[in-house]
Amino acid sequence: MPILRFFIPFAAAYFLSSLFRAVIGVISPELAREFSLSPQDLGALASLYFYAFAFAQIPAGVLLDRFGPRRAEGGLILAAAAGALLFCFADSFAALGAGRVLIGIGVAICFAAPLKAAAVWYPPEKQVALSGWIMLVGGLGASFATKPVELALGYFDWRMLFAGLAVLSLLAAMGIAWAIRDIPVEREQRSMAEQWRGLGGLLVHRRFWWVMPWAFTGMGTFISVQGLWGMQWLMHGAGYSKPDAASLLLAVSLISLSGYFFIGALSERLARRGVTNRHLLAAGMLLDLLSLLAISLRWPGEVVWWCLYGLGTSLNVLTYTVLSHGLPATLVGRGNTGLNLFMFIGTGSISFLVGWLISQLQAQGMATGQAFGTTFMCLTAVNALAATWYLLRWRTFEQR
């Protein structure tokens, strides 16, 4: 199958998936004003997408195995289009939440589907390159949800934005249906119960529990910050205007993307010098913690600390590699699925709990800026616990 015919529709769908994930942050001031939403309400609204995305992984994976990427992803993206349309016309918090749930379900396999199709049509070396380029496009989607969306809101409101996203989702579904060919599906279909039992085999593996806490907290924190709380912190905790906050978050996102290139270009050279993926992941953890601490306490050079946070989080992708290197081949696929599941459950939980804590502190009379700073310090502490666990268990998995 021609590369561009494969790449363009799948990459467009993954771009929209990442845009949907992060766009709530930029429009959160408008939503809070129009629907009288508290920080707790905003956190709950953000978390619904992540919980829906996480718990859709297993059933969506069954659909992917049973019907193939073309029909499974093409059909599910129609749910995302319906969710965007419902969000566009929402007149209550419940309608906003239902729209977010539909969107989360609709984009659940936007990365898994092209990987499955590529495994059928292309040799391994091309599969690696294609997955890397699709990840890059996804990162650009999250970047687009910052300053570009903020600029677009100068010309039309958030409802028109979501109407446009609904149309683009429909076009993406049509593009996949037209451009992508069906692939042979597995003759022996695994039921949903069998998929969950397969995941259970991973959950008894000690190496999974070594790295999973960081996927839950560290990776979950970054996605939550990128998707909502970074914008809220900069505006209400640090006193930034909305345009300046969006510009800084765009810089953080682009620096995070540059970190992926750093990993790809230098990881093999560093490994020859004894600096392996587990070392790079530990370095990313420490950089994340230092940056979050500096942001929470508003140390001088705030812009630099935010950018360093973006760079540190780019190393989080190595969590998958560190896990896979010590798993039997039969568990590697489940390992990636399991980390995804817990990462997005973590993101949803963190998104909600941050809003809940800010609202509780404000209710007790704490000033808004202080409430945000205290909450971000709690995030730093939770991340520090996960990083400490990783370092304490280092020798246990030293040779694996």
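In the predicted model, the charged end of Arg278 sits over the ring of Trp394, 4.8 Å from its centre. Trp394 also takes part in a ring pair, with Tyr390. The two ring centres are 5.7 Å apart and the planes stand at 90°, so the pair is edge-to-face. Both Tyr390 and Trp394 are buried. A second charge over a ring involves Arg5. Its charged end is placed over Trp178, 5.2 Å from the ring centre.

Aromatic contacts recur through the structure, which holds 20 aromatic pairs. One of them joins Trp306 and Tyr309. This pair is edge-to-face, with 6.5 Å centre to centre and 85° between the planes. Both residues belong to helix H13, which spans residues 302-314. They are 3 residues apart, about one turn of the helix. Trp306 is buried, as is Tyr309. Elsewhere, ring pairs connect Phe20, Phe35, Phe87, Trp158 and Phe162 into a cluster.

The surface carries a nonpolar patch of about 540 Å². Its members are Leu78, Val167, Leu168, Leu170, Leu171 and Met174. Helix H8, residues 158-179, gives the most to this patch, with 5 residues. Leu78 lies in helix H3, which covers residues 57-88. The relative accessibility of Leu78 is 42%, so this residue counts as partly exposed; the class lies between the buried limit of under 20% and the exposed limit of over 50%.

Methods:
Residues numbered from 1 in each chain as written. Predicted model: local features only at pLDDT ≥ 70, side-chain atom pairs only at ≥ 80, totals over all residues. Heavy atoms only, no water. Patch = residues over 30% accessible without salt bridge, like charges linked within 9 Å, V, L, I, M, F, W, Y side chains within 5 Å. Areas by Shrake-Rupley, 256 points an atom, 1.4 Å probe, with all protein chains shown as cover. Salt bridge = Lys/Arg side-chain N within 4 Å of Asp/Glu carboxyl O. Helix = DSSP H or I, 4+ residues; strand = E, 2+ residues; numbered from the N terminus. Buried < 20%, exposed > 50% of the residue type's maximum accessible area, 1.4 Å probe, protein only. Phe/Tyr/Trp six-rings, centres within 6.5 Å; stacked < 30°, edge-to-face > 60°. Lys NZ or Arg CZ within 6 Å of the ring centre and 35° of its normal.
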